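Please follow this chain from its overall make-up to its sheets, its helices and a few individual residues. The account below takes these topics in turn.

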Amino acid sequence: WLKRIETFSVRLQVTSAFSPPLLAMADKLAVGTVLQAVHTDGKLYKAEVVKVSSRKKSSAKLLKVHYIGYDDVDDVWLPIERLRSKLLKTNDDSPNLDETEFSGLEPGTRLTAESEGVWYAAEVVAVSSQKKFAAAPVKVTFLGYTNSEEWVGAERLRFKVSKNAKSKETKESKTPTEPKTPVTDYSGLEVGMRVQAESEGVWYAAEVLQVATGKKRASAPVKVSFLGYTEDCNEWVGAIRLRSKALKLLVDSEEEGVKKNDKVKGKKVEKKAEKVEKAEKVEKVAEGHRVEKVTKADKKTNQAARGGEATAVVSTKTKPVTRIYSLADQVARFERAKSENNQRYLDISSVYDASVLKGKRVLVVGASKGLGLEIAKALVAAGAKPVITVRKTSAETDALGIQVITDVEVTSSESMRRMAAAVTGPLDFVIHNAGYFPDIVDNLDSLQEVEAIRQVEVCALGPLRCVSALKGAGLLKGAKVAIISSQAGSARWRSTQNKDKGGDYGHHMSRAACNIGGVLMSEELRKEEVPITLLHPGFNRTTMTSKLSHTWDVEGAVGPTEGAKRVLHEVGALSMASTGKFINCEDGLVIPW
């Protein structure tokens with residue numbers, strides 16, 4: 001994931017995490033044992049063991065600890081080397097993590113760092129030699145994330161050291177066993193062409209950025225961009241790290257038949273020339289078929305790239321996705337999607353599968369116009385069986401030919417109970433879409449208390465009343481619930497999206513209240529296996545957002561038809577794994593709030 005120009009790989013050898021003596025000592029750490037544990041700031045805190053794992057695949061993180069004096073949400077699974085206890089004392093000669101050599105690291109160094117079991121691109125902020133930071137002496141910031149600085153130790157780092165930092169011993173021990181680059185014709189490659197490129201033993205979908213012809217780049221003349229990754233990952237590669245039908249091998253790497261006569265230089269050159277000439281003839285014959293073949297290869301590669309859509313899963317067989325959280329800056333988020341050609345973001349139809357909704361009974365609360373109406377239309381088109389609620393019917397809702405429950409007010413619990421009573425049969429999905437965002441000036445010089453309370457009534461208490469009424473009517477069993485919230489409910493993102501201006505207090509406060517209500521409901525309904533997921537629908541060009549129409553283009557706002565597909569794409573994927581999460585329907589990533 002890092003720039004690899006003139007660097008060589010140094011993979012930290014961490015043995016203590018899997019050291020048999022330490023693993024054996026872990027048996028002594030029973031639930032209730034008080035010890036010291038390293039926190040994300042690199043310091044040791046008093047903690048208590050609350051769970052011990054015996055599963056082999058959890059051997060890297062054996063113990064779950066609770067930091068004494070802190071909330072349960074800070075409980076975390078930790079590997080043995082991040083714990084300190086007299087019960088872990090050993091007399092073996094296993095290397096100590098504190099003795100790892102960090103001299104090659106300095107502020108600004110790019111590397112990969114682990115967080116919650118996933119490896120991300122990061123940058124070194126500081127390297128400490130102080131004793132209190134011995135267990136986690138490197139402070140890093142995760143690239144692309146805000147407020148993400150963390151102190152980490154060797155077991156959570158993978159980094160490369162420049163050639164200038166190589167020791168003489170490393171140079172002397174280096175053996176010339178690297179594979180020889182075969183003589184290859186790169187003329188078939190063009191800028192923008194999709195290929196597969198290898199990185200650290202794994203093949204990824206990539207795009208050609210440049211093909212060099214100079215001698216300086218002879219061994220690695222093709223610059224590629226790994227799809228779904230930032231520009232920092234762009235790399236120059238050679239034939240041995242590329243797969244494409246547009247590549248033509250002129251002389252095989254072993255040069256069979258030529259090496260036998262390598263003493264006769266004239267014959268060697270002659271045989272090479274013959275092979276080149278033969279390859280050129282084959283190239284001419286294949287010219288008519290090349291475009292078709294490359295196009296097919298590109299489609300397959302593109303489909304493979306789409307398959308790695310925004311899920312934070314690490315695998316040695318499929319392309320790992322480095323992002324968990326969405327980007328706060330709306331403009332930067334849209335620009336990044338365009339620069340990476342992120343089809344999940346730019347063209348939801350490329351991944352939206354309506355078949356998962358066919359035959360499903362879906363209740364849409366708040367579907368008289370805008371996004372809600374488009375969701376209802378998309379459900380009908382998908383072959384689902386939607387039931388929608390409105391305050392008043394219209395020609396458009398009547399034309400849908402589905403059950404429409406009228407006179408529904410989400411600000412009234414009694415109205416919600418009447419709505420639940422009108423629903424016939426069980427539900428597969430519930431989409432609470434009702435919202436309110438008035439076109440007013442709401443700042444410290446013009447407080448809008450009445451409007452703020454109304455927004456809380458609709459956007460925060462509305463979903464609560466709805467779920468409560470459906471639960472009381474016995475309609476939640478087997479159902480999955482999506483609450484349409486807004487990125488406006490993320491307190492963490494205010495320092496970016498509302499920097500130096502604040503404002504729209506009722507809007508932001510009501511959405512934040514909606515989010516906390518959704519999380520609490522997800523916990524209350526967890527035992528009944530009813531997932532409650534919060535969705536930011538993305539920036540849609542609707543009447544509700546018309547006050548922000550001057551930002552529609554630059555921030556990538558889409559029409560409600562496309563916005564509806566974004567929402568339904570996430571609705572179709574709802575499960576207990578997503579319950580309590582706040583997801584951005586634009587990119588499928590989590591919004592920290």
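Two strands are taken to pair if DSSP finds at least two bridges between them, and this is the sense in which strand partners are named in what follows. The model is a predicted one. With that meaning of pairing in hand, strand 19, residues 361-365, and strand 22, residues 429-432, can be described as running parallel and joined by four bridges, with Val-364 standing opposite Ile-431 in strand 22.

These two strands belong to a wider arrangement. Seven strands form an open sheet with parallel pairing, and their order across the sheet is 21-20-19-22-23-24-25. Strand 21 (403-405) and strand 25 stand at the edges, and because each has a single partner strand, one side of each is left without a neighbour in the sheet. On average, and with direction ignored, neighbouring strands of this sheet are turned by 20° against each other.

Towards the strand 25 edge, the pairing can be followed strand by strand. Strand 23, residues 480-484, pairs with strand 24 in the parallel sense over four bridges, and Val-481 has Ile-532 in strand 24 as its bridge partner. Strand 24 also pairs with strand 25, residues 582-584, again in the parallel sense but over three bridges, and here the bridge partner of His-536 is Asn-584 in strand 25.

How many of the residues in strand 24 are buried? Strand 24, which spans residues 532-536, is mostly covered, with five of its five residues buried. In a regular strand the side chains alternate between the two faces of the sheet. Both faces of strand 24 are covered, since Ile-532, Leu-534 and His-536 on one side are buried and Thr-533 and Leu-535 on the other are buried as well.

Helices lie across this sheet. Helix 9, residues 449-472, lies across strand 19, strand 22 and strand 23, and runs at about 155° to strand 22. Helix 11 lies across strand 23, strand 24 and strand 25, and runs at about 155° to strand 24. One residue of helix 11, which spans residues 505-524, is His-507. Is His-507 buried or exposed? Its relative accessibility is 9%, so His-507 counts as buried, the cut-off for that class being under 20% relative accessible area. When residues up to four places away in sequence are not counted, His-507 touches Phe-437, Gln-455, Ser-486 and Ala-488.

Another part of the picture is a contact between two helices. Two packed helices are described by the angle between their axes and the distance between the axes. For helix 6 (residues 370-381) and helix 12 (residues 560-571), the angle is about 65° and the axes are 8 Å apart. Helix 6 and helix 12 are therefore roughly perpendicular to each other, a description that applies to angles of 65 to 115 degrees. Their crossing is right-handed. From helix 6, the residues Gly-370, Leu-371, Glu-374, Ile-375, Ala-378 and Leu-379 meet Pro-560, Thr-561, Gly-563, Ala-564, Val-567 and Leu-568 of helix 12. Sorted by class, the residues in this contact are eight nonpolar, three polar and one charged.

Two loop residues deserve a separate look for their backbone angles. Most residues other than glycine have a negative phi, and most peptide bonds are trans. Asp-407, although not a glycine, has a positive phi of about 55°; its place is in the loop between strand 21 and helix 8 (413-422), and with a relative accessible area of 45% Asp-407 is partly exposed. Glu-529, also a residue other than glycine, has a positive phi near 55°. Glu-529 is placed in the loop between helix 11 and strand 24, and at 59% relative accessibility it counts as exposed.

A further sheet has antiparallel pairing: an open sheet of five strands in the order 5-4-3-2-6. Strand 5 (76-78) and strand 6 (83-84) stand at its edges, each with a single partner strand, so one side of each is left without a neighbour in the sheet. Within this sheet, strand 3 (residues 44-52) and strand 4 (residues 63-67) run antiparallel and are joined by five bridges, and Ala-47 stands opposite Tyr-67 in strand 4.

The chain as a whole gives the setting for these details. The protein chain has twelve helices and 25 strands, and 45% of its 593 residues are buried. Among its contacts between residues at least 6 apart in sequence, 60% join residues at least 24 apart.

Notes
Residues numbered from 1 in each chain as written. Predicted model: local features only at pLDDT ≥ 70, side-chain atom pairs only at ≥ 80, totals over all residues. Heavy atoms only, no water. Axes fitted to C-alpha atoms, helices over the stretch in contact; angles between N-to-C directions. Helix = DSSP H or I, 4+ residues; strand = E, 2+ residues; numbered from the N terminus. Parallel < 35°, antiparallel > 145°, perpendicular 65-115°, else oblique. Left-handed = near helix turned anticlockwise from the far one by under 90°. Contact = heavy atoms within 4.5 Å. Nonpolar A, V, L, I, M, F, W, Y, C, P; charged D, E, K, R; others polar. Buried < 20%, exposed > 50% of the residue type's maximum accessible area, 1.4 Å probe, protein only.
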